[in-house]
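Please open the model in your viewer and keep the sequence panel beside it, since this tour proceeds by selections. Each stop names what to select and then says what is there.

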Amino acid sequence: MRILEKQLRKHGITDSSVLEAFAQVPREEFVDPSLRQLAHADRPLSIGYGQTISQPYIVALTLEKMALQPDDRVLEIGTGSGYAAALLSRLCASVVTVERLPELARTAQDRLARLGHDNVIVVCADGTQGYEPGAPYDAIGVAAGGPEVPSALCSQLKVGGRLVLPVGGQEEQALLRVTRLGSSNFHEERICRVRFVPLIGQQGWPELEGGEFSPPNE
């Protein structure tokens, strides 16, 4: 995975702990065997059900902007293959990752357990509402784009906590970092333009009846 780490450095990722996490977690373990030859490419890959394993650079950028510390408790929304959760497990004390699709949640849970990421809990639920039993969190990362920042996620941040998520339309979003400054005071900053699968749930986009969304290229 040092090849991928070098690619991230070229894109401007400088956080040494993030780069080391990418070196430690083999991306090929989180993709379909037919796509393993593309595992080190800096591009998203399909994982089925209209979902993707995100482009490594965007994952690394999200992790870097979350400003993680070793003793942090983190919430991830959108488990997918479990790749980002595995990276998070190398960067902080504990991870709760929420996936709305039962098939992906089960597969990710089995994979993470098999690979020894024992500080990760996988929950199958509506990620737009976060996971209240584990709150408050030092940081929250979201791997799907919603129409607005879910209030539930803001309420589950500690004061000083960071929420990184894509917000915008279903075709393109802005990657934002929202920092909680007080009980009802938040600072929002725009990082870059991105394209993620839709964030579906009560505080996101409604689910389309009888069809899947086409996975975008983040």
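## The cores

In this predicted model, begin by selecting F22 and L63, which touch the most other members among the 43 residues of the largest nonpolar core. To see which elements feed this core, colour α1 (2–10), α2 (16–24), β1, α3 (56–65), α4, α5 and β5, each of which supplies at least two of its residues. Then move to I140, V167, V197 and L199, which are included in a second, separate core of 20 residues.

## Helix α5

Return now to α5, residues 102–114, and place a distance between its end C-alpha atoms: they lie 18 Å apart, which agrees with the 18 Å that 13 residues should span at 1.5 Å a residue. Within this helix, select L104, A105, A108, R111 and L112, and you will have residues that are buried. Because these residues cover an arc of only 135 degrees around the axis, they are on the same side of α5. Turn the view to the other side of α5, where R106, D110, A113 and R114 are exposed.

What covers the buried residues of α5? Showing the surrounding elements gives the answer, for the cover includes β1 (45–48), β2 (51–53), α4 (83–89), β4 (94–99) and β5 (120–124). Before leaving the helix, step just past α5 to G116, a residue that takes a positive phi of about 85 degrees.

## Backbone details in the loops

The next selections concern the backbone. In the loop between β1 and β2, pick Y49, which is not a glycine and yet has a positive phi of about 60 degrees. With a relative accessible area of 40%, Y49 is partly exposed, because that class lies between the cut-offs of 20% for buried and 50% for exposed.

Go on to the loop between α3 and β3 (73–77), where A67 is found. Here too the residue is other than glycine and phi is positive, with a value near 50 degrees. Is A67 buried, partly exposed or exposed? Its relative accessibility is 31%, so A67 counts as partly exposed.

Finish in the loop between β5 and β6 (137–142), which is the place of P136. Select A135 together with P136 and inspect the bond that joins them: this peptide bond is cis, with omega at about 5 degrees.

Note on methods
Residues are numbered from 1 along each chain as its sequence is written. This is a predicted model: local features need pLDDT of at least 70, side-chain atom pairs count only at pLDDT 80 or more; totals for chains, interfaces and linings use all residues. Side-chain values use heavy atoms; hydrogens and water are left out. Helices (H or I, at least four residues) and strands (E, at least two) are DSSP runs, numbered from the N terminus. The expected span of a helix is 1.5 Å times one less than its number of residues. Buried means under 20% relative accessible area, exposed over 50%, partly exposed in between (1.4 Å probe, protein chains only). The arc is that of the directions from the helix axis to the C-beta atoms. Contact means heavy atoms within 4.5 Å. A nonpolar core is a set of buried Ala, Val, Leu, Ile, Met, Phe, Trp, Tyr and Cys residues joined through side-chain atoms within 4.5 Å.
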